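User: Could you take a close look at the largest cavity for me and tell me what lines it? A bit of context on the rest of the protein would help too.

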Amino acid sequence: MRRRWGWFLALVLLFLLVGAQPALALTEPQRLVVEVWHIVNRAYVDPTFNGHNWQAVRQAALQKPLETLADAQAVIQEMLAPLDDPFTRVLPRSQYRNLQTTTAGELTGVGLQIVLDTERRVPLVVAPIVGSPAAQAGIQSQDRILEIDGASTVGMDMDTAAGLLRGQPGTQVVITLERGERRWPVTIERQRVTLPSLTWELRPGGIGYLQLSQFSAGSAAEMAKAIQALEAQGVQGYVLDLRNNPGGLFQAGLEIAQEWLAQGTVVYTVNRDGVETDFTAGGKALTDKALVVLINHGTASASEILAGALQDNHRAVLVGETSFGKGLIQSVFKLSSGDGLAVSVARYETPAHHNIHRRGIVPDQVVPTPADGTGHDPQYEAAVAWLAKNSFSNSFAAASAKG
């Protein structure tokens, strides 16, 4: 009996040693694939991995020929594709620099924020940056990019597409766009694009107009200074323009919401285990004057957090179009290759527990964006009309009409 147990234990030991052999002999490309798999396995927001067996995905990935890091990157892209999440992706080293530059306030290229259209597998415009070459060329939120310099974008990963759009100032790029049934090419000259976080002015009738184009590290401080300056100038009410704001830093969105809200929940985040965390305002509102927020299809991510917080807390009226619908929060992990990995780690819900991912926030007053390109802005006019009717005196309405 002892001999049989001895043979059994020897076989088990042999099995374990043989089973451990492949892990010890992984090549560098294989290690990179496994590294990405492990990060997604422990951090991804959806524990069902969009209904896929994540262990089987790993096994299938390692069965592919992996001789170079380029092979690994291609396999990683295939491995992440079943998640159907364009925000979970590998960021090459250049993307790291671009990410840091964007939040710092400057980039070089055409000035577009893009994501993957998961149905068509082509880049989809979230929003052009205000004043950028793309904005000046008339590119709009929801436009699809079919070609870049003659190369089809079908199946192209977003980092490659973004790399093709960037380039030295003064160089040109030809982009083929699709909007509805219309398809057309447009030639754009790349430029150094400054990303002004906030522009503001006191407009006729005592309206404080604030246009927030992104959420960067200094946005909350800029907003605070603008509100304080407008208050000193006798502002009567505010219009906060979040149209074509693609988002940015989550923390900046929270801080700006707290500048408008005296109390109440700003946003809930929900992780993969369903654990809910609430972020609240702490009585530091800088003004209690009437507020209208403008949103459109290019209002995304952190700007949706802000708009949803102000709407659900009845602090502001939203005017415009349904927002983009990006309700996932990403963390960026550094890989051993020097690249980064952006992973959706949580989803957010508005204070009324609305999950806006792929649904967007519906404004209180729907006003479509005009297609005539004449500069007429019915959304802003609707905001002014609401302020005049609901918040201000007749003298304000008369002053607004004259202005």
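Analyst: First, a term: buried means under 20% relative accessible area, exposed means over 50%, and partly exposed is in between, with a 1.4 Å probe and protein chains only. By that yardstick, 48% of the protein's 403 residues are buried. Keep in mind that this is a predicted model, where local features need pLDDT of at least 70, side-chain atom pairs count only at pLDDT 80 or more, and totals for chains, interfaces and linings use all residues. Numbering runs from 1 along each chain as its sequence is written, and side-chain values use heavy atoms, with hydrogens and water left out.

Now the cavity. On a 1 Å grid over the protein atoms alone, a cavity is a set of points where a 1.4 Å probe fits but cannot get out, and lining residues have an atom within 4 Å of a point. Grid points are joined across faces, edges and corners, and the volume is the space filled by probe spheres set on the points. Searching the whole structure turns up one cavity of 30 Å³ or more, and the largest has a volume of about 30 Å³. Its lining is made up of Phe87, Gln113, Val115, Val126, Pro246, Ala300, Phe324 and Lys326. Sort those residues by type and you get six nonpolar, one polar and one charged; here Ala, Val, Leu, Ile, Met, Phe, Trp, Tyr, Cys and Pro count as nonpolar, Asp, Glu, Lys and Arg as charged, and the others, Gly among them, as polar.

As for the wider picture, among contacts (heavy atoms within 4.5 Å) between residues at least 6 apart in sequence, 69% join residues at least 24 apart.

Definitions and conventions:
On a 1 Å grid over the protein atoms alone, a cavity is a set of points where a 1.4 Å probe fits but cannot get out, and a pocket is an open set with protein on both sides within 12 Å along at least five of seven lines; lining residues have an atom within 4 Å of a point.
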